[in-house]
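Q: I would like a close look at one part of a model, with the geometry of its aromatic side chains set out step by step.

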Amino acid sequence: MKWFKSHTFWKIFTINVLLICTVLTLMFIVSRVMLPNISQDQYRQVTDKTVKRMKEQINVVIKDIWSLGDEVQQNPIFYRMMNKK
């Protein structure tokens, strides 16, 4: 219990508490400044990749539809089926 009465202990304790509070405050300030920019850039990258992937998939579907339409138009079996009605 003598260490509670020691002035050296309280000085070291106070310095450590101030140091920890200073570091935490600096971390908070830096995170408030830096994180929005980082998260905005990452969001933009994810969105851009998603849009590009969707565009490619839509283009593939459109090409498939066009090729299916061409195949149906050129196939005589489908042509005869359409003329029977």
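Which residues form one aromatic cluster, and how are the rings arranged?

A: In this predicted model, the aromatic cluster is formed by Phe-9, Trp-10 and Phe-13. A search of the whole structure finds three aromatic pairs, and two pairs that involve Phe-13 are described here in turn. As background, a pair of aromatic rings is described by the distance of the centres and the angle of the planes.

Among the pairs found across the structure, the one between Phe-9 and Phe-13 has ring centres 6.0 Å apart and planes at 20°, and it is therefore stacked, since planes under 30 degrees apart count as such. Both of these residues belong to helix H2, which covers residues 7-74, and they sit four residues apart, or about one turn of the helix. As for solvent, Phe-9 has a relative accessible area of 25% and is partly exposed, while Phe-13, with a value of 41%, is also partly exposed.

The rings of Trp-10 and Phe-13 have their centres 5.6 Å apart, with an angle of 85° between their planes, so this pair is edge-to-face, the class for planes over 60 degrees apart. Along helix H2, Trp-10 and Phe-13 are three residues apart, which again places about one helical turn between them. Trp-10 is partly exposed as well, at 36% relative accessibility.

Phe-13 thus takes part in a stacked pair with Phe-9 and in an edge-to-face pair with Trp-10.

Conventions:
Residues are numbered from 1 along each chain as its sequence is written. This is a predicted model: local features need pLDDT of at least 70, side-chain atom pairs count only at pLDDT 80 or more; totals for chains, interfaces and linings use all residues. Side-chain values use heavy atoms; hydrogens and water are left out. Rings of Phe, Tyr and Trp (its six-membered ring) pair if their centres lie within 6.5 Å; planes under 30 degrees apart count as stacked, over 60 as edge-to-face and the rest as tilted. Helices (H or I, at least four residues) and strands (E, at least two) are DSSP runs, numbered from the N terminus. Buried means under 20% relative accessible area, exposed over 50%, partly exposed in between (1.4 Å probe, protein chains only).
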